[in-house]
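Please load the model in a viewer and keep the selection panel at hand. The tour below proceeds by selections, each followed by a description of what is found there.

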Amino acid sequence: MSELTTLLSSSGSILKIFISLLVFHLVYQRLRRRVKVYLLDFTCYRAPDSNRLPMSTLLETIYLANQIDQESIDFQARILERSWLSNQTSIPPSLTEIPLKKSLTSVQTETMTTIFTSVEDLLKKNKLSPRNIDILITNCSLHAPTPSLSAMVINKFHMRSNIKSFSLSGMGCAAGILSVSLANDLLKVHKGSLALIVSTEALNTHWYIGKDRSMLLTNCLFRMGAAAVLMSSNEQDRGNAKYELLHVVRTNKAKDDRAYRCIYQDIDSELKQGVSITKDVITVAGDVLKMNLTTLGPLVLPYLELLQYVIRKIYKPSSSYRPNFKKAFEHFCIHTGGRAVIQAMEMNLNLTEEDIEPSKMTLHRFGNTSSSSVWYALSYLEAKRRVKRGDKVLQIAFGSGFKCNSAVWRCIRELEPDTDNKWLDSIESYPVDVPDSISIRPC
């Protein structure tokens, strides 16, 4: 009898140890499990037709409002003729008035219009209260008011007092993906949270009215736009999410003087403020792109493609062979920095006309909307019903500093175009033929 009691006691102890180890193992596995971050939804801003800026109107406004010399007007006309931009792009109404209205009031009106409209559309579409937002990130490179843009959003929508808010400025066109990176880090630390990103650029106070050609380029390329993006690290949101964030890679070459100054806010010889874009920008962008892809490649490329690349580099170091990134991604959303940027990406990644179509059409329809442009390109893909479950999407953008940032998303459900997709009412007419050159000046 005593032996049976001892045996039962021993068995009970072993069972307790086993249960304890099992519980410890389950807790450990849960703690070490990677926190997944999801893209629930996003929306892009489309200005009313009254803000539309035909190229001929822009040239006339420049002449009447700025009173600059004919040589500078002709220079801008040549850039516009080869820009791939259409007559449907938009600028704030204040920039078409004569005399030109550049003021704090005008730029505040511009940013409130683009930001508030984007946020309202996103919250309404997803039936969310502003008080559900745990993290708020705004980015606008050239307008950094006090109070900040993030405070402006909190005030407008009466968000919670304990919201974690961040307002990024001076980060250039790459700030949209940089904000995704920041949201990703915060969402992993604050598990189960909801993050709102708002990306825009303000044109009014930094519209250049001088004669420096490197500064006149911004007037020809940048247009009105914004995007609001909703991200979550709550596993319960997976069922409603569109995409899962797989990777974010950020590359910054600001230590190099040429890279640092290739896009630079400055004053010209007549003390007029503008943003200079030098001829070095394409070369610098190519260098930073290679650095970014060198980091990104091992994370996304199939093993056989990586092995082939390494072998060629070892035995044929002078070979110009590039990894085939089309084996890693089904879709590409390239920042619409301009025709030269898209063509350089097409060449460097061996992309087809269909691969660059979302970015080319975005540049044509909306212009360079800065940090929000990659969202317009993704919106185009969704309107075209091209993104399927399991597809991987690469978003890549360049910005002052000089920076190259990339984000990799995987579609996790079948998508139907949203009724408020800004492309939807005209998507059947795209892609359109975009000539390499048009004529906007009288013969």
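Begin by selecting helix α12 (residues 353-366) and helix α13 (residues 373-383), whose axes come within 8 Å and cross at roughly 115°. That angle makes α12 roughly perpendicular to α13, and the crossing of the two helices is right-handed. The model on display is a predicted one.

Display the side chains where these helices touch. From α12, the residues Glu357, Pro358, Ser359, Met361, Thr362 and Phe366 meet Ser373, Tyr376, Ala377, Tyr380 and Leu381 of α13. Sorted by class, this contact of α12 with α13 comprises seven nonpolar, three polar and one charged residues.

Now restrict the selection to α13. How many of its residues are buried? For α13 the count is 11 of 11, so the helix is mostly covered. Among the buried residues of α13 are Trp375, Tyr376, Tyr380 and Glu382.

Next, inspect the loops on either side of α13. Ser370 is placed in the loop between α12 and α13; its phi is near 65°, a positive value in a residue other than glycine. With a relative accessible area of 1%, Ser370 is buried. Following α13 comes Arg385, which also has a positive phi, near 60°. Arg385 lies in the loop between α13 and β10 and, at 46% relative accessibility, counts as partly exposed. As background to both selections, most residues other than glycine have a negative phi, and most peptide bonds are trans.

**Aromatic rings**

Select Phe366, Tyr376, Tyr380, Trp423 and Tyr430, which ring pairs link into a cluster. Phe366, Tyr376 and Tyr380 have already appeared in the contact of α12 with α13. The structure holds 12 aromatic pairs. One of them is formed by Phe329 and Phe332, an edge-to-face pair with 5.9 Å centre to centre and 80° between the planes. Are these two rings buried or exposed? Phe329 is buried, with a relative accessible area of 2%, and Phe332, at 2% relative accessibility, likewise counts as buried.

**Helices α4 and α5**

Move to helix α4 (residues 104-125) and helix α5 (residues 149-157). Their axes come within 11 Å and cross at roughly 55°, which makes α4 oblique to α5. The crossing of α4 and α5 is right-handed.

To see the contact, select Gln108, Thr111, Met112, Ile115, Phe116, Val119, Glu120 and Leu123 in α4 together with Leu149, Met152, Val153, Lys156 and Phe157 in α5. By class, nine nonpolar, two polar and two charged residues make up this contact of α4 with α5. For reading the positions along a helix, an α-helix has 3.6 residues a turn, so residues three or four places apart point the same way.

**Strand β2 and the loop towards α5**

Select Asn139 in strand β2. Asn139 is buried, with a relative accessible area of 2%. Apart from its neighbours within four places in sequence, Asn139 is in contact with Leu168, Ala175, Gly176, Ser179, Ile197, Val198, Ser199, Thr200 and Ser371. A distance label from Asn139 to Gly172 should read 9.0 Å, C-alpha to C-alpha, for two residues 33 apart in sequence.

Continue to Ser141, in the loop between β2 (135-139) and α5. Ser141 is buried, with a relative accessible area of 15%. Neighbours within four places in sequence set aside, Ser141 is in contact with Ser169, Gly170, Met171, Gly172, Thr200 and Glu201. Thr200 is thus listed for Ser141 and for Asn139.

Pro147 is found in the loop between β2 and α5 as well. Select it with Thr146: a cis peptide bond joins Thr146 and Pro147, with omega about -5°.

**A second cis bond**

Go to Phe402, in the loop between β10 (392-399) and β11 (403-411). The peptide bond from Gly401 to Phe402 is cis, and its omega is near 15°.

**The whole chain**

Finally, return to the full view. The protein has 13 helices and 11 strands. Of its 443 residues, 52% are buried. Among contacts in the protein with a separation of 6 or more, residues 24 or more positions apart account for 80%.

Terms used: Residues are numbered from 1 along each chain as its sequence is written. This is a predicted model: local features need pLDDT of at least 70, side-chain atom pairs count only at pLDDT 80 or more; totals for chains, interfaces and linings use all residues. Side-chain values use heavy atoms; hydrogens and water are left out. Axes are lines fitted to C-alpha atoms, for helices over the stretch in contact, and angles run from 0 to 180 degrees between N-to-C directions. Helices (H or I, at least four residues) and strands (E, at least two) are DSSP runs, numbered from the N terminus. Angles under 35 degrees count as roughly parallel, over 145 as roughly antiparallel, 65 to 115 as roughly perpendicular and the rest as oblique. A crossing is left-handed if the near helix is turned anticlockwise from the far one by less than a right angle, and right-handed if clockwise. Contact means heavy atoms within 4.5 Å. Ala, Val, Leu, Ile, Met, Phe, Trp, Tyr, Cys and Pro count as nonpolar, Asp, Glu, Lys and Arg as charged, and the others, Gly among them, as polar. Rings of Phe, Tyr and Trp (its six-membered ring) pair if their centres lie within 6.5 Å; planes under 30 degrees apart count as stacked, over 60 as edge-to-face and the rest as tilted. Buried means under 20% relative accessible area, exposed over 50%, partly exposed in between (1.4 Å probe, protein chains only).
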